[in-house]
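Open the model in your viewer and have a selection box ready. The tour goes from one sheet to the interfaces between chains and ends at a hairpin.

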Protein chains: 4
Amino acid sequence: MASNSFGTHFRFTTWGESHGPEIGVVIDGCPPGIEVDLAAAMAARAPGQSPWTSPRKEPDTPEVVSGVLNGRTTGAPIGIRIRNQDGRSSAYQGMEQVLRPGHATATYLHKYGTHDHRGGGRASARETACRVAAGAIAQKLLEGAGITVTAELTEVAGIATNGLTEEVCNAIEEIHAAGDSCGGIVTMTATGVPPGLGDPIYEKLEANLAKAMLSIPACKGFEIGSGFAAARMRGSEHNDPFLSPTETATNHAGGVLGGISNGMPIVCRAAFKPTSSIEKPQQTVDAEGNPITYTLPEGSRHDPCVAIRAVPVVQAMGALVLADAWLAQLPVRNNCFTAT
Amino acid sequence: MASNSFGTHFRFTTWGESHGPEIGVVIDGCPPGIEVDLAAAMAARAPGQSPWTSPRKEPDTPEVVSGVLNGRTTGAPIGIRIRNQDGRSSAYQGMEQVLRPGHATATYLHKYGTHDHRGGGRASARETACRVAAGAIAQKLLEGAGITVTAELTEVAGIATNGLTEEVCNAIEEIHAAGDSCGGIVTMTATGVPPGLGDPIYEKLEANLAKAMLSIPACKGFEIGSGFAAARMRGSEHNDPFLSPTETATNHAGGVLGGISNGMPIVCRAAFKPTSSIEKPQQTVDAEGNPITYTLPEGSRHDPCVAIRAVPVVQAMGALVLADAWLAQLPVRNNCFTAT
Amino acid sequence: MASNSFGTHFRFTTWGESHGPEIGVVIDGCPPGIEVDLAAAMAARAPGQSPWTSPRKEPDTPEVVSGVLNGRTTGAPIGIRIRNQDGRSSAYQGMEQVLRPGHATATYLHKYGTHDHRGGGRASARETACRVAAGAIAQKLLEGAGITVTAELTEVAGIATNGLTEEVCNAIEEIHAAGDSCGGIVTMTATGVPPGLGDPIYEKLEANLAKAMLSIPACKGFEIGSGFAAARMRGSEHNDPFLSPTETATNHAGGVLGGISNGMPIVCRAAFKPTSSIEKPQQTVDAEGNPITYTLPEGSRHDPCVAIRAVPVVQAMGALVLADAWLAQLPVRNNCFTAT
Amino acid sequence: MASNSFGTHFRFTTWGESHGPEIGVVIDGCPPGIEVDLAAAMAARAPGQSPWTSPRKEPDTPEVVSGVLNGRTTGAPIGIRIRNQDGRSSAYQGMEQVLRPGHATATYLHKYGTHDHRGGGRASARETACRVAAGAIAQKLLEGAGITVTAELTEVAGIATNGLTEEVCNAIEEIHAAGDSCGGIVTMTATGVPPGLGDPIYEKLEANLAKAMLSIPACKGFEIGSGFAAARMRGSEHNDPFLSPTETATNHAGGVLGGISNGMPIVCRAAFKPTSSIEKPQQTVDAEGNPITYTLPEGSRHDPCVAIRAVPVVQAMGALVLADAWLAQLPVRNNCFTAT
């Protein structure tokens, strides 16, 4: 099944394995005239920037090969490719048949009868570099509409935070030193969103945001506004009183009502499990079901907390959902037909 | 934007307003030979069955008008309609311009410039009757594949439960008597799911489940397996050790790895906010922004806890996602090409 | 596979068999504010109006059951159903296993292992009543954009014509009397089409028109502008010289260049085979392959020339393609982004 | 609007301009285990092979950058790129504002407000190299199912032929020498097609073939089986008598009944207009509407008969439609559900 595309109006498709020659993305449906500048977004995502993120060194320089003329989109599909330069396939020798706990090796083998196990193949977080490139263009489009999308690390290993504070760094360091890993939560906020984005019933804005976030590797949960806490609230407490047709006194709704933006900031959160690759030895089986003790090969690379590197990916996916919703609502928004 | 359809292979589309003459659904892509029997599923969803669910009385008898011959599907689109018999539009007079807190009135007005406010129009939970009818057919299809999908109320007003226990009933009763409402959590479980369902990257099984659940009215959160709790766990604790290629010792993953089912039960949860309609007076504004105190009209109907009636809807949406994934994977699963 | 929908932005889905209780259509993605009046369009299509079209008597009164308030669309899905009142199933007894030449009985049996043979089931031209209803709404939408779509019978039984002239009527009468049937050609013309509709590469306007026309029962060919005659022309003769950026001296292109409307009228033609149901006895086999002589049951109904009744269907499908293209291009057309 | 993808199950997306650094294609949904060998197909399409096809010299060596391991597909998206090596952009200087007759310059300018005019940009036939690469993989998949797709030049400049015969070559040479161009017809034939491919109503096999062919640059018409000639036939002549459930005595239907393959060869034809680029001077206007005489710049390149180079593209598009239909019908074909 075709499963490597996301979006309907602002639609992108990715390809490439973690240890192949390159990864790439093509964006289809972007209107003409949007400025394309990927450098800042890619820098925010690049690995190898902190002691706890993967030490893989990739310059991650995206090459725009089509759809852009004089720095602006032309309406043609935008092809972008990112070469892989630091793929050490040899580190993965002997692992072809190990069903690594928490990894997709077993399920890819079940589904396809084959798995490009090197560095996770398609299942690797490296694919998310393509999302960030596409997201940077989506964000520029939204900028023109006055919409800003940001993401922030708001919880790590159970510690509420507003980023990589000293307390958080120390906690990660300790966990890392013990050969273990930890999870975290990333919060996305979109401001300047006009009312009317998102569509009723099955294309609700929150439904597409949920799908977008759960498509990120290691994501296990999504909530918007009050989220799971809403289940423990009373209606009188949860209902946001309107102060004006586009403003509410509180924002338990997280910026959406009935699937459509209401003028308030859109706030949602994505939960990430702890990194599956850990240095501690683990009990598992091989593809034939024989029990084995699995130890991470020396020289293999991993982040102790994937949530850190998920931050720009959450931001990108949020921007991509909103760009899609923005384009979707223009025919109605412009009242082209209501006057007839 | 077309937004009233769900699914790619097992695809359904709904229409109809809460207070129009009827609601309906058409299912496209269902293979031939599936037995169609909607009675049991509809009965589980029907309103008016407990003191706390909406007292609206609808027999909710679905009429199958196409696609079925001698009790089995023919491969043609299955048209189903359900007549509205108890729509009391008069109860909603004078509410056209009230921006009811927690409701979609404001956002529909922003988006469309018009809103069929009577009983919520399209935004009403009545639309979910169509999902339950479609889900009943999906479930019969899955039955043939050995897959069972169930849903259960697991938390109400902060009380962990396994259904409508006496404790839960008392709690709801008290909240209801106070003119208020409460939220809850519904857990979906799918057993007998073979490994290999779901697709990598953007059509991950958990991504489509998340979208499905967030498309249900009042749903504010989704999690699979360990979900948000994963954010507070260590990798050594979260990783599920394989006992065999299709079995793990624990199931923090919730039955999916890399977006694909791994042979374990699929377990996910959906959080529902408290019912927006409450009897307590609320401060809000009208469509012109004038402050008003809003009191629910006498005779209007609502559930104090929408999570109760969401149970069969969660089950239906889960079955619909799995039926779609089941059909999607058959070409690969049957190894039609790997032998060439 | 889901195959009963057409369109992306202005999307409709049909259901119902020729001899079931009803047929229906739901239109999803229609903007709010469009006037809905189906009577004129349905009248143009209704059977039983001439001696040569099917004598089946159906009032074909479409009931709009959702998506319309005070005579105008609301943005919600528009559900329409048309009851079948004159389905004489008994006329088809004993035909279950006959592979009728030119009919879909054989292929439905191959594909589904079952076939609702009565009156053609889904394969019946009766399904096209739903297209005409949807097309009437599309046409109203286009009216607001200054676009007019018409269709005309331009060839019958090899006679070039501009409708049901006396010469044509006599020719059909003669063929009918001989127990035979004849084919014809329908020409669609769209005027007032602004330049810029249609999308490059795979969503070319002519590609979607071709798909639309070939989806009509009995259609065997499509051409736009010069069409097949272009294969016999020289470039110097075929190229349309521009008189202004939106006008060409000739219109061999048929109003499109590179898949996009160029401001000239869009002109295309659809070829229809002769009606498969004829009164002459025919040699064929049954589902087991036994040779049989097949004679149309007395009382069965058919048109000697399906092209006559295809006229409003060609018009409807043309309008539906153009409405879809119109909505698709609004985000670019309005230059919402080029100014950033 | 996203318009650079084709297919639902076997889906591909292309990007790249004629004079950019590269063109590329990604194929999504191809099952694992298919052998990938693009050399033969690309050679058949490559320009510069005859005196009448474009003298542009491109080795057209496709680089497979993902989705293939040890020469076979893995189920992951297959990324392919083809570098442009002989793009002489300078030949197009001064033409930015010329509305060249028969070309897409005017419509791209209308739609996007900008046009990468060099060599036609996206509208160039160079994009079709990507289709041929994707088609080669589709054809290998079909090979495993016993299906063969071929295409042949069957008419050039009004001369019926079965390829580039001496008569045809002389005719083209004469037209070319006169500074002019000519059209032609290409016939696609698929043999070994089992009954049951294609879907009723809107995804009819012939409807998707029509869309596929009309998406090829310069294509103006499509017909299947008897095609336009059917409009001049009688039913008694056109109806194909069944000899067995999968064989008919004649094949006026062209291998499809009601949108579904019937076991006979699928035969369809695509008509191509004469090449728009001709050496004769032409009257036209510029983007401001000023009349000008346009003469092809020296050194610019064109085929006097695009139909010649369309042959492998017609074959590729036919294979891509059939591969999509093949995958779509597997769940039904395997009777996975009918036994329940």
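Select chain A and display its strands (DSSP runs of E, at least two residues, numbered from the N terminus). Five of them, in the order 1-2-3-7-4, make an open sheet with antiparallel pairing. Here two strands pair if DSSP finds at least two bridges between them. Look at the edges: strand 1 (5–6) and strand 4 (63–64) of chain A each have a single partner strand, so one side of each lacks a neighbour in the sheet.

Before going on, note the ground rules. This is a predicted model, in which local features need pLDDT of at least 70 and side-chain atom pairs count only at pLDDT 80 or more, while totals for chains, interfaces and linings use all residues. Residues are numbered from 1 along each chain as its sequence is written, chains are lettered from A and ligands numbered from 1 in the order in which they are written, and side-chain values use heavy atoms, with hydrogens and water left out.

Stay in chain A and pick strand 3 (22–28) and strand 7 (78–83). They run antiparallel and share 6 bridges. For one of the facing pairs, click Gly24(A): Arg81(A) of strand 7 stands opposite.

**Chain D against chain A**

Now show chain D next to chain A. Select the residues in contact (heavy atoms within 4.5 Å). You should get 34 residues from chain D and 34 residues from chain A. Buried area is the accessible area (1.4 Å probe) that two parts lose on being put together, summed over both. For this pair it is about 2600 Å², with 59% from carbon and sulfur atoms. Which residues of chain D lose the most area to chain A? Highlight Trp15(D), Asp28(D) and Val65(D); together they account for 20% of what that side buries.

Next, look for charge pairs. A salt bridge needs a side-chain nitrogen of Lys or Arg within 4 Å of a carboxyl oxygen of Asp or Glu. The interface of chain D and chain A has 2 salt bridges. One of them joins Arg81(D) to Glu22(A), at 3.0 Å from N to O. There are also 8 residue pairs in polar contact, with both residues at pLDDT 80 or more. A polar contact is a pair of N or O atoms within 3.5 Å; within protein, one must be able to donate a hydrogen and the other to accept it, and residues adjacent in sequence count only if both atoms are side-chain atoms.

Color chain D by element. Strand 2 (11–15), strand 3 (22–28) and strand 7 (78–83) of chain D each give two or more residues to the side that touches chain A. Strand 2 of chain D gives the most, with 4 residues.

Superpose chain D on chain A, by least squares on the C-alpha atoms of residues with pLDDT of at least 70 in both. A turn of 180° and a shift of 0.0 Å along the axis do it, with an RMSD of 0.0 Å. The same surface serves both copies: 100% of the contact residues of chain D recur in chain A.

**Chain D against chain C**

Swap chain A for chain C. The contact takes 106 residues from chain D and 105 residues from chain C. About 8100 Å² is buried between them, 62% of it on carbon and sulfur atoms. In chain D, Met1(D), Tyr202(D) and Lys220(D) lose the most area to chain C, together 12% of what that side buries.

There are 6 salt bridges between chain D and chain C. Zoom in on Asp199(C) and Lys111(D), a salt bridge whose closest N and O atoms are 3.8 Å apart. Polar contacts link 39 residue pairs across this interface, both residues at pLDDT 80 or more.

Then select strand 11 (219–224) in chain C and in chain D. These two strands pair antiparallel over 3 bridges. Gly221(C) faces Glu223(D).

Chain D lies on chain C after a turn of 180° and a shift of 0.0 Å along the axis, with an RMSD of 0.0 Å. The two copies are therefore related as by a two-fold rotation axis.

**Last stop: chain B**

Select strand 8 (148–156) and strand 10 (184–191) of chain B. They pair antiparallel over 8 bridges, and Thr148(B) stands opposite Thr191(B). Strand 8 of chain B also runs antiparallel to strand 9 (159–160), with 2 bridges. Val156(B) has Ile159(B) as its bridge partner. Strands 8 and 9 of chain B form a hairpin with 2 residues between them, and Ala157(B) in the turn has a positive phi of about 50°.
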